[in-house]
Amino acid sequence: MNRVYIKTYGCQMNQRDSEQVACDLRSRGYSIVQHEEDADVVLLNTCSVRDQAEQKAIGKAGHLARRKRENPNFVLGILGCMAQNRGSELLDRLPDLDLVAGTQKFHRVPDHLDNLIASMNAQGPRPTSILDLEEELDSQNAINSHKAGERQVSAFVSIMQGCNMKCTFCIVPKTRGPERARPIAHIIQEVETLVANGTREVTLLGQIVTSYGRREIPFIDKKSPFVQLLEQLNEIDGLERIRFTSPHPRGFKEDLVEAYGRLDKLCEYAHLPVQSGSDRILKAMNRPYSVDRYMQLVRDLRAVQPDMYFSTDIIVGFPGETDQDFQMTCDMFEEIGFDMAFIFKYSPRSGTPAAELHDDVPKTVKEERNQILLKILEKQSRRRNASLVGTIQEILVECPARKGEGMFMGRTRGFRKVIFPASQRLIGEMVDVEIEESSVTTLKGRLSLTGVDTGMAVAT
Ligand code: 5AD
């Protein structure tokens, strides 16, 4: 009864939450299995950002419920955003569910499983389902921090939870609650422990990291708490790279732009969700910036870091988006030359202000606009990767590549994936790789022998 399979939907925050649930469960004596069929317990960690994400998880849970009918000892749980968003409605819809635990309750999952299993053993199958969605009183402690675990060359670190913005399309303030930050000292301690265990790169996570600590931590020398955190992380010996996601363009003030020119560990990469290239649509989305202001921000960042890489989120088919609005999005998309983007078809989320508007852009048009942007993205990503052929890039070696004997995977500071021959002992090392080939998504190369210890065995 102790083999658990966790399936994760959605963003990096969800990945990080699942990672910590797995870690907590292991230390409670559960084993985490890689295949659903091998599990006695399946936990779905869910996403609510779009209807499609919810439907996928509901479909999966329905399917698993059938397995529960064949084997009453099988345990099925739904965690995270959809649990928080839909609550007891999920139990009405899927009466076979054993556990529904919200976004502030991940740390309670081992207790809940222990209780469910104990009551199954005592009373036989079908204990009462557990619904746990309450707000955590000490909510800071409910933000997952690494407790123990395997070495991770690149690790996610949650620095805050929640979002106070009121983007009209977005369900996240409901699923993740209001903003609350972990203290800087806790985060630094966590990263130092990670680094002592071999981590070289951290990605700071939060729904709106640029608002980190704004209510709890004072500005110092006009520097926001987020920039103060970056500065302190930059001082940690053995840490090589710092990334973060997601910021809000409005939170990218001068102090943060300037940090890109000053903090050597901060990678030249910014994921800056723009959502639309039309001021009219931005206004309807309640995004508090104009396209001009956004473009200026991109120019400012390029001025301090000419080699900057940009990634973004775009929603196509927001209510009222005309061909002309969409054309503006395409123009902006090309002018900035995004290297990476996540493009979403607008999906009304019940309870958000935009859900009151008529969802008037037909599905086919949303799909068409999605495809148009993906084509532009493909062209831009291919071009950027091709420009790297012949250069030497600093790579953090992460893991063996999925394919190819003796091949390893690492990333450039600009987050481009590179495949190259190397050896196991280089995992976690920074190496120089000469880029030889490129495609839309991947670079291929070989270790550059100038100035680095390649660690490759030389036959004598
Ligand atoms: N429909 C489509 N996309 C959405 N996103 C958030 N809410 C919606 C929605 N209702 C997208 C935004 C956000 C990303 C995480 O998901 O682009 O930045």
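These exercises with worked solutions concern a predicted model.

**Exercise 1. Strand 7**

Find out how covered strand 7 is, and which strand pairs with it.

Solution.
Step 1. Strand 7 spans residues 154-158, and 4 of its 5 residues are buried. The strand is therefore described as mostly covered, since buried means under 20% relative accessible area.
Step 2. Its pairing partner is strand 10, residues 201-205. The two strands run in the parallel sense and share 5 bridges.
Step 3. One of the residues to locate is Val-157, whose bridge partner in strand 10 is Leu-204.

**Exercise 2. The nonpolar cores**

State how many residues the largest nonpolar core has, and which residues have the most contacts inside it.

Solution.
Step 1. The largest nonpolar core has 69 residues.
Step 2. Ile-159, Leu-204, Tyr-212 and Phe-252 have the most contacts inside this core.
Step 3. Take Ile-159 and leave aside its neighbours within four places in sequence: its contacts include Leu-204, Tyr-212, Ala-181, Ile-187 and Phe-226.
Step 4. A second, separate core has 23 residues, among them Tyr-9, Leu-64, Leu-76 and Ile-78.

**Exercise 3. Cysteines**

Explain why Cys-81 is not bonded to Cys-47.

Solution.
Step 1. The number of disulfides in the structure is 0.
Step 2. A disulfide needs two cysteine sulfur atoms within 2.5 Å. The closest cysteine sulfur to that of Cys-81 belongs to Cys-47 and is 6.4 Å away, so it is too far for a bond.
Step 3. Cys-267 is in no disulfide either; its nearest cysteine sulfur, in Cys-399, is 17 Å away.
Step 4. Cys-81 counts as buried because its relative accessibility is 8%. Cys-267, at 1%, also counts as buried.

Key
Residues are numbered from 1 along each chain as its sequence is written. This is a predicted model: local features need pLDDT of at least 70, side-chain atom pairs count only at pLDDT 80 or more; totals for chains, interfaces and linings use all residues. Side-chain values use heavy atoms; hydrogens and water are left out. Buried means under 20% relative accessible area, exposed over 50%, partly exposed in between (1.4 Å probe, protein chains only). Helices (H or I, at least four residues) and strands (E, at least two) are DSSP runs, numbered from the N terminus. Two strands pair if DSSP finds at least two bridges between them. A nonpolar core is a set of buried Ala, Val, Leu, Ile, Met, Phe, Trp, Tyr and Cys residues joined through side-chain atoms within 4.5 Å. Contact means heavy atoms within 4.5 Å.
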